[in-house]
Each structure stands twice: as C-alpha cells, then as structure tokens.
Amino acid sequence: MEESKSKTSPLMIIGIVVVLGVAVAGVLFATRGNNPSPEVSTSMPAVTETTPAVESAATDSSFLETASVTVEGGNFYFQPNEIRAVLNEPLKIILTSKDGIHDFVIDEFNVKTTQIKDGETAEVEFIPDRPGTYEFYCSVGQHRVMGMKGTLIVE
Ligand SMILES: [Cu+2]
C-alpha cells in the first residue's frame with residue numbers, strides 16, 4: 001500500500017485555504033448584513049416632573065383664607081371622623097358622598113348641609129366660636145346610630 005501523505009498534502013492545504021477563505025468571507029459578509037443602520041429610535045418619553053403646587057401659606061394675616069375640610073360621607077362613616085377647628089376662625093366643611101344620601105350636621109353651631117347623593121358635594125361654612133368637643137353626624141335615616149358621626153374639636 002502506498003502512503004497517501006505525499007500525494008494529498010498540497011491539495012489538502014489548498015482546500016483548507018479555500019475553505020477558510022470562503023468561511024472568513026462569509027462571516028464578514030454576514031456580519032455586514034446583520035448590521036442595520038443604527039436608526040433605533042430611543043424616544044424615551046420626556047419625564048416631566050410634576051411639582052406639586054405648594055400650598056401657599058397665607059402670610060398676610062389681614063387676608064386669611066377660610067380654612068376648609070373635605071369630609072367624605074359613606075355607609076356609614078365620615079372620613080375623617082375627627083376635625084380640628086381654630087376658635088373663632090371660619091371653617092368651611094365640604095361634604096362629598098361616596099355612596100348613598102348623606103348630610104353633615106352639627107347641632108351646636110346650627111350647621112347643616114343639604115342632603116346629597118353619590119358624587120355630589122355640599123358646603124357649609126360657620127364660625128366655631130365656642131371651644132369644646134362637638135359631635136357631627138348625618139341626619140339621614142338611622143345613619144347616625146349606625147356610626148355616621150364624628151368629632152369636632154374647637155380650640
Ligand atoms: Cu348618611
């Protein structure tokens with residue numbers, strides 16, 4: 001048997017070179033093809049920081065804004081159920097109804113809103129001119145007994 005070493009090696013080398021060349025060319029071509037124009041739209045939504053409106057503290061004491069408290073009424077509660085008022089300073093109660101018909105009553109100060117339905121709002125303003133602790137409540141049906149009441153603290 002004749003050894004095939006001397007016969008095949010030049011051809012093998014050429015073949016390997018050709019194969020390598022083709023492979024390299026192919027890789028280069030593929031790489032170029034896989035490289036799309038960098039038109040990736042990085043359109044990040046502009047983050048607009050919403051700075052909360054700073055509650056402008058009334059600095060001019062001769063022009064005080066009426067303090068107001070928003071109270072939510074529902075079955076059968078007030079939220080908040082404790083309201084603090086400053087003696088002799090006008091206080092506005094803004095009642096909203098979460099569900100059902102409700103009102104807001106403080107007997108001692110003759111405070112009584114109209115009865116409102118879901119989503120409605122009623123306002124009442126008064127001057128708490130006597131210090132102390134008072135009960136506010138809803139006068140609709142049995143709501144007061146069922147827990148729809150709270151405490152007004154005047155000091
Ligand atoms: Cu009620």
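This report walks through a predicted model of a copper-binding protein chain, from its overall build to its metal site, salt bridges and two buried residues.

A word on conventions comes before the tour. The model is predicted, so local features need pLDDT of at least 70 and side-chain atom pairs count only at pLDDT 80 or more, while totals for chains, interfaces and linings use all residues. Residues are numbered from 1 along each chain as its sequence is written, and side-chain values use heavy atoms, with hydrogens and water left out.

## Overall build and confidence

The protein chain holds one helix and nine strands, where helices (H or I, at least four residues) and strands (E, at least two) are DSSP runs numbered from the N terminus. Along the sequence the order is α-β-β-β-β-β-β-β-β-β. Of its 155 residues, 23% count as buried; here buried means under 20% relative accessible area, exposed over 50%, and partly exposed in between (1.4 Å probe, protein chains only). Taking contacts (heavy atoms within 4.5 Å) between residues at least 6 apart in sequence, 59% join residues at least 24 apart.

The mean pLDDT, the predictor's confidence in each residue from 0 to 100, is 77 for the chain, and 59% of the residues reach 70 or more. Residues 1-6 have pLDDT below 50, and this stretch has zero contacts in the model beyond near neighbours in sequence. Residues 50-60 are also below 50, with one contact beyond near neighbours in sequence.

## The copper site

Four residues hold the copper ion: His 102 (ND1), Cys 138 (SG), His 143 (ND1) and Met 148 (SD), at 2.0 to 2.5 Å. Donors are N, O and S atoms within 2.8 Å of the metal (3.2 Å for Na, K and Ca); water is not among the atoms, so sites may look incomplete. The angles among the four donor atoms run from 87 to 134°, and the site is tetrahedral, a label given to four donors if all angles lie between 85 and 135 degrees. For reference, the ideal angle for four tetrahedral donors is 109.5 degrees.

Along the chain, the donors follow the spacing H-x35-C-x4-H-x4-M. His 102 and Met 148 link distant parts of the chain, 46 residues apart: His 102 sits in the loop between strand 4 (91-97) and strand 5 (105-106), and Met 148 in the loop between strand 8 (132-137) and strand 9 (149-154). His 102 counts as buried because its relative accessibility is 0%, and Met 148 is likewise buried, with a relative accessible area of 0%.

## Salt bridges

Side chains of opposite charge can pair when their charged atoms come close. With a salt bridge taken as a side-chain nitrogen of Lys or Arg within 4 Å of a carboxyl oxygen of Asp or Glu, the count comes to six. Three of these pairs are listed here.

| Pair | N to O distance |
|---|---|
| Arg 84 and Glu 155 | 2.8 Å |
| Lys 92 and Glu 123 | 3.6 Å |
| Arg 130 and Asp 129 | 3.4 Å |

Arg 84 lies in strand 3 (residues 82-85) and Glu 155 in the segment after strand 9, so that pair links parts of the chain 71 residues apart. Both of these residues are exposed. Lys 92 is in strand 4 and Glu 123 in strand 7 (residues 121-126), so their bridge ties together parts that are 31 residues apart in sequence. Lys 92 is partly exposed at 25%, and Glu 123 is partly exposed at 49%. In the third pair, Arg 130 is partly exposed at 38% relative accessibility, as is Asp 129 at 43%. Bridges that share partners also join Glu 82, Arg 84 and Glu 155 into one network.

## Two buried residues

Asp 103 is in the loop between strand 4 and strand 5 and counts as buried because its relative accessibility is 0%. Its side chain makes polar contacts with the side chains of Lys 112 at 3.0 Å and Ser 139 at 2.5 Å. A polar contact is a pair of N or O atoms within 3.5 Å; within protein, one must be able to donate a hydrogen and the other to accept it, and residues adjacent in sequence count only if both atoms are side-chain atoms. Beyond neighbours within four places in sequence, the contacts of Asp 103 include Phe 78, Leu 95, Tyr 137 and the copper ligand Cys 138.

Leu 152 belongs to strand 9 and is buried, with a relative accessibility of 0%. Leu 152 and Arg 84 are 68 residues apart in sequence and 5.8 Å apart in space, C-alpha to C-alpha. Leaving aside neighbours within four places in sequence, Leu 152 is in contact with several residues, among them Ile 83, Ala 85, Phe 109, Phe 126 and Phe 136.

Definitions and conventions:
Four donors count as tetrahedral if all angles lie between 85 and 135 degrees; four count as square planar and six as octahedral if opposite donors are over 155 degrees apart and all others between 65 and 115; anything else is irregular.
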